[in-house]
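Work through the exercises below with the model open. Try each task before reading its solution.

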Amino acid sequence: HNYSDDLINNDNVAIVNNQHENVKNKYGSGCFVTYKFIFYVAEKEGIDIGYDYLDCCNVANIADMMRMNTDNLENRYVYNVASEIPNVKNKLLKSFIKDLNKKKKLTFEDVSYGIAPKINSIIRIGNEDDKTALVESAIGLTDEEVSYKYRGQVKTQSIYESIIRISNRCKSSQKSQIERYIKNGLEVLTKDYDKLIIVNGGDINPNLRGLLANKLMGEYKKPILILSGNEELRGSARGIGDINFKDMCESSNLVTFAQGHISSFGVGLF
């Protein structure tokens, strides 16, 4: 990338390239890279943050499908530490773990299917208050009690329990919306014999295109593109199996950008 001189000379900006040739671990999510940068700065300033926030990095890495196996010793170490539930310090994650009724160990499946989808549901379709509460509770900025109405009665609960309640509501809502899109019929722009499925995403909530693409990929067993726009089409892409669908799109010279993971990314084309 070419950055302006103003950006490079700005003392308040740090550009971290985790894909640089000197970086040994290229399988850290944005959260993990940020954590390592903060850890480095804290170390230089003589601040010991210990294992604080390592559990958040573990969840972020797994949710972003980073490589966590034995080939990557740093990620494996992070998983080994943070998967032990007694080591988890983040109060919001503790609340999610309690909701899963887990006691000893947090598995990849617990994160991928139990925690990450609920957090994502708030990010996708929650309102601004929901998202603010999610962030503030995740970083420990607030520890307040929250009031809410249930069957005509006003009740109170911790902010962490409130996030669980909000995530359940958002997850149920997005599921209903996805089912409604499919039931009402989607405009599929490709034929049965084509090697991928392209769907007109004009009437689809942009925040739900990725979820819908995942659903359609399971049904069609083919890569999915959900696109909308006029001069430039933009949308979500999902690959299938071990196919590097992102590289295929980029090498086709048909797309203007393909940004994200190899099988889950945003895409644009003319």
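**Exercise 1: Cysteines**

Cys57 is buried, at 1% relative accessibility. The model is a predicted one.

Task: Decide how many disulfides the model holds.

Solution.
- Step 1. Take the cut-off: two cysteine sulfur atoms must lie within 2.5 Å.
- Step 2. Check Cys57. The closest cysteine sulfur is in Cys31, at 4.2 Å, so it is too far for a bond.
- Step 3. Check Cys56. Its closest cysteine sulfur is also in Cys31. The distance is 6.3 Å, again too far for a bond.
- Step 4. Conclude. The count is zero disulfides.

**Exercise 2: The sheet**

Task: Lay out the open sheet and find which strands are its edge strands.

Solution.
- Step 1. Write the order. The five strands run 3-4-5-7-6, and the pairing is mixed.
- Step 2. Read off the edges. Strand 3 (197-200) and strand 6 (255-260) each pair on one side only.
- Step 3. Add the twist. On average, neighbouring strands are turned by 20 degrees against each other, direction ignored.
- Step 4. Inspect one pair. Strand 6 and strand 7 (residues 264-269) are antiparallel, joined over five bridges. Phe257 has Gly268 of strand 7 as its bridge partner.
- Step 5. Place the helix. Helix 9 (residues 209-220) packs on the sheet and touches strand 3, strand 4 (224-228) and strand 5. The direction of helix 9 makes about 140 degrees with that of strand 4.

**Exercise 3: Arg238**

Task: Is Arg238 buried or exposed, and which side chain gives its side chain a polar contact?

Solution.
- Step 1. Locate Arg238: strand 5 (residues 233-238).
- Step 2. Apply the cut-off. Buried means under 20% relative accessible area. Arg238 has 9%, so it is buried.
- Step 3. Find the polar partner. The side chain of Asn214 lies at 2.9 Å from that of Arg238 in a polar contact.
- Step 4. Survey the other contacts. Arg238 touches residues including Gly210, Ala213, Met217, Phe245 and Phe265.
- Step 5. Compare sequence with space. Arg238 and Met217 are 21 residues apart along the chain, with C-alpha atoms separated by 7.2 Å.

**Exercise 4: Nonpolar cores**

Task: Which helix gives the most to the largest nonpolar core?

Solution.
- Step 1. Size the core. It has 24 residues, and Phe96, Ile115 and Ile163 have the most contacts inside it.
- Step 2. List contributors. Helix 3 (54-63), helix 5 (91-99), helix 6 (108-125), helix 7 (128-138) and helix 8 (159-184) each supply at least two residues.
- Step 3. Pick the top one. Helix 8 gives the most, with six residues.
- Step 4. Look for another core. A second, separate one has 12 residues, among them Ile197, Leu208, Leu216 and Met217.

Methods:
Residues numbered from 1 in each chain as written. Predicted model: local features only at pLDDT ≥ 70, side-chain atom pairs only at ≥ 80, totals over all residues. Heavy atoms only, no water. Helix = DSSP H or I, 4+ residues; strand = E, 2+ residues; numbered from the N terminus. Buried < 20%, exposed > 50% of the residue type's maximum accessible area, 1.4 Å probe, protein only. Contact = heavy atoms within 4.5 Å. Polar contact = N/O pair within 3.5 Å; in protein donor to acceptor, adjacent residues only side chain to side chain. Pairing = 2+ DSSP bridges. Axes fitted to C-alpha atoms, helices over the stretch in contact; angles between N-to-C directions. Core = buried A, V, L, I, M, F, W, Y, C linked by side-chain atoms within 4.5 Å. Lists of a residue's contacts leave out its neighbours within four places in sequence.
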